[in-house]
Amino acid sequence: MGRYVLRRLLQAIPVLLGTTFLIFAIVYALPGDPLQALAGEKRVDPVFAAAMREQFHLNEPLIVRYGYYIRDIVSGNFGTTFRGLPVSTIFEGKFQVTFKLAMTALIFEAIIGVGLGLWAALRRGKWEDKAILAFTLLLVSIPTLVSGFVLQLVLGVKLKQSTGLALFPVAGVGDGMRSYLLPGFVLATVSIAYLTRLTRTSLMETLRADYVRTAIAKGMPRRRVLGRHALRNSLIPMVTYLGADLGTLMGGAVITETIFNLPGIGQQLFQSVYLRENPVVVGIVTVLVLIYIVANLVVDLLYAVLDPRIRYE
């Protein structure tokens, strides 16, 4: 197991280098002068511009600038913005908000998606199955922008006006974990639909397996057959999807954080792209790539727990 983890970590190095270099090249290839973006419509002082270009190595070739960036990353330094602020300081608190939002969405996704998929598989071909499939199609069809505003209006505003109960805060993080419930569900809606269909398909295939039929024929209780044999052996594709979706949820929270005014990393990424704060953009993407790599490693290790036949040499 230890050698497998070490091998996976070594394999992650070229993935990290390739991804960060691609993002680094795209960000710094955007048209326009990032220094001019700092001044807005005012003219940048040539002496100041020359000093900034020297400090941030903007006159160097792209590969040289990337080398400086990797050197700083290895030493734990994500660099500084063009305004002189450490990028790590900007991260403080914002990643915590986005991580809480993504984990809330992941919990909604796991509970609702697996639950609905399980129900649909057990009621295959009946009206419950068709209703769940139609529900998932509806979730996929509605954009997050629309579902976010609608649920914010109905559950956050109208419900409070009619009942006087403020169950779901509509903006900010001032109400603790309750502030993440509604935006977490909104962020998870599309993933719930995909996981529901994935669970349904995987479980239906497992229920047709010979060992499941044999267990039922021997008189084993259906609940035990479902929980110990069918569901456990169907979990691998679900866990794979959930692990990969954690990075997707954290990177795709821009719209949700904007709707609910959450000061997370998605909102910061949008603002940094708009303001041409290239070091911040590259730093955020680098951390997201690291999270994605670690999540996939954890998922791979969980395979051996879910299926004893899988062993890592």
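**Helices, a patch, a pocket and salt bridges**

Me: In which helix does V146 lie?
Reply: This is a predicted model: local features need pLDDT of at least 70, side-chain atom pairs count only at pLDDT 80 or more, and totals for chains, interfaces and linings use all residues. Residues are numbered from 1 along each chain as its sequence is written, and side-chain values use heavy atoms, with hydrogens and water left out. Helices are DSSP runs (H or I, at least four residues), numbered from the N terminus. V146 falls in helix α8.

Me: Is V146 buried, partly exposed or exposed?
Reply: Buried means under 20% relative accessible area, exposed over 50%, partly exposed in between (1.4 Å probe, protein chains only). V146 has 41% relative accessibility, so it counts as partly exposed.

Me: Which helix gives the largest share of the nonpolar patch?
Reply: A patch takes residues with over 30% relative accessible area and no salt bridge; nonpolar side chains (Val, Leu, Ile, Met, Phe, Trp, Tyr) are joined within 5 Å, like charges within 9 Å. Here L145, V146, F149, V150, L153, V154, V157 and I255 make up the patch, with about 640 Å² of accessible area together (Shrake-Rupley, 1.4 Å probe, only the protein chains shown as cover). The largest share, 7 residues, comes from α8.

Me: Which residues are closest to the centre of the largest pocket?
Reply: A pocket is an open set of points on a 1 Å grid over the protein atoms alone, with room for a 1.4 Å probe and protein on both sides within 12 Å along at least five of seven lines; lining residues have an atom within 4 Å of a point. The largest one has a volume of about 340 Å³, the space filled by probe spheres set on points joined across faces, edges and corners. Of its 18 lining residues, the closest to the centre are F56, H57, Y69, D72 and G79.

Me: Which helix supplies the largest share of that lining?
Reply: α1, α4 and α14 each supply at least two lining residues. The largest share, 5 residues, comes from α4.

Me: How many salt bridges does the whole structure hold?
Reply: A salt bridge is a side-chain nitrogen of Lys or Arg within 4 Å of a carboxyl oxygen of Asp or Glu. D72 pairs with R71 at 3.5 Å, and R123 with E128 at 3.4 Å. The search total is 3.

Me: How many residues apart in sequence are the parts tied together by R200 and D129?
Reply: Their side chains meet in a salt bridge at 2.7 Å, N to O. R200 lies in α9 and D129 in α7, so the parts tied together are apart in sequence by 71 residues.
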